[in-house]
Amino acid sequence: MPGKLYAVGTPIGNLGDITYRAVETLKTVNFICAEDTRVTVKLLNRYEIKKPTISYHEHSPRSVTDKIIERLLAGESGAVVTDAGMPCISDPGEVLFKLCIENGVPLEVVPGPSAVSAAIALSGLPSARFSFEGFLSVTKKQRFKHLESAALNSNTLIFFEAPHKLLSTLTDMLSYFGDRKISICREMTKIHEEFTRTTLSGALEYYSDKAPKGEFVLVIEGCPQGAATPEFTVEEAVSMARGLIEGGTKATEACKEAAKLTGFKKSELYSLLNEGRGFY
């Protein structure tokens, strides 16, 4: 009979934010799959949990995953944890859980802290319906496709972002979303946590003067109900097209996509591109 794999929620910053059940589960399993064992061992030491850990992350070879499944099928129990929050959400644990389902390994979740729910609770923005968007792609074409899709979503939008990409992300969001309200949650539950409620333009100005540090959760106002598209200037529309071209999209297709989102004519944007306008 196979063992069971547990998805165990861990603190998103403050090590005190863990449930009794999570601690007991980590104490009873045979092994723990950790995104970064160096991070997880700090938590385990805090609660005197002495269990072997397996390094399991997005770059782990398939042989590691196969070995985990093999041990579970042999009757051992395991837990999967991420560096912070719930595993299996924007996390390699998702792949492991999928393989467990395919192989008939029982699964159980031990809920814990979530940066998503904590951020939207503190944002002051509508929380009845929201859309978790995760991280934007570093590939420009995919990044702009994602923003184009999210721009017309009326639900509150939640993104994760790293400090070194924050300014470019805020710039792109301002271009695609217009100047919406935003709540920026930085280093939640940690010593230097910070919550800023402003607009996208205000956030861009603030972090242009103050170097971003720490991990960020961005909670952004959704597209106003009944609005066909946000309002854009022609310069912003051309900037979108240029960004798509830089990401590998053909000029005609880039202008078509920018026109669809902004309401300007494809031919107008194409002419302005040829005149060298937009970013200049």
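In which handedness of crossing does α6 pass α10? Here are a few notes on this predicted model, starting with that pair.

1. The crossing of α6 past α10 is left-handed. By class, the contact of α6 with α10 has 2 nonpolar, no polar and 4 charged residues. The residues that meet are K145, E148 and A151 from α6 and E257, K260 and L261 from α10.

2. As for geometry, the axes of α6 (residues 140–151) and α10 (residues 251–262) come within 10 Å, with a crossing angle of roughly 20 degrees. Angles under 35 degrees count as roughly parallel, and α6 and α10 are therefore roughly parallel to each other.

3. Do have a look at N153, in the loop between α6 and β7 (156–161). A polar atom of the N153 side chain lies 2.9 Å from the backbone nitrogen of N155. Leaving aside residues up to four places away in sequence, N153 touches S131, E133, R180, G222 and C223.

4. Next comes the sheet, which is open, has 5 strands and mixed pairing, and follows the order β6-β7-β10-β8-β9. Its edge strands, β6 (130–134) and β9 (194–199), each pair on one side only. On average, neighbouring strands are turned by 20 degrees against each other, direction ignored.

5. Within this sheet, β8 (residues 181–186) and β9 run antiparallel and are joined by 6 bridges. For I184, the bridge partner in β9 is T196.

6. Two helices are worth viewing against the strands. Helix α7 (residues 166–177) lies across β7, β8 and β10 (216–220), and runs at about 10 degrees to β10. Helix α8 (residues 200–209) packs on the sheet, where it touches β8, β9 and β10; the direction of α8 makes about 125 degrees with that of β9.

Methods:
Residues are numbered from 1 along each chain as its sequence is written. This is a predicted model: local features need pLDDT of at least 70, side-chain atom pairs count only at pLDDT 80 or more; totals for chains, interfaces and linings use all residues. Side-chain values use heavy atoms; hydrogens and water are left out. Axes are lines fitted to C-alpha atoms, for helices over the stretch in contact, and angles run from 0 to 180 degrees between N-to-C directions. Helices (H or I, at least four residues) and strands (E, at least two) are DSSP runs, numbered from the N terminus. Angles under 35 degrees count as roughly parallel, over 145 as roughly antiparallel, 65 to 115 as roughly perpendicular and the rest as oblique. A crossing is left-handed if the near helix is turned anticlockwise from the far one by less than a right angle, and right-handed if clockwise. Contact means heavy atoms within 4.5 Å. Ala, Val, Leu, Ile, Met, Phe, Trp, Tyr, Cys and Pro count as nonpolar, Asp, Glu, Lys and Arg as charged, and the others, Gly among them, as polar. A polar contact is a pair of N or O atoms within 3.5 Å; within protein, one must be able to donate a hydrogen and the other to accept it, and residues adjacent in sequence count only if both atoms are side-chain atoms. Two strands pair if DSSP finds at least two bridges between them.
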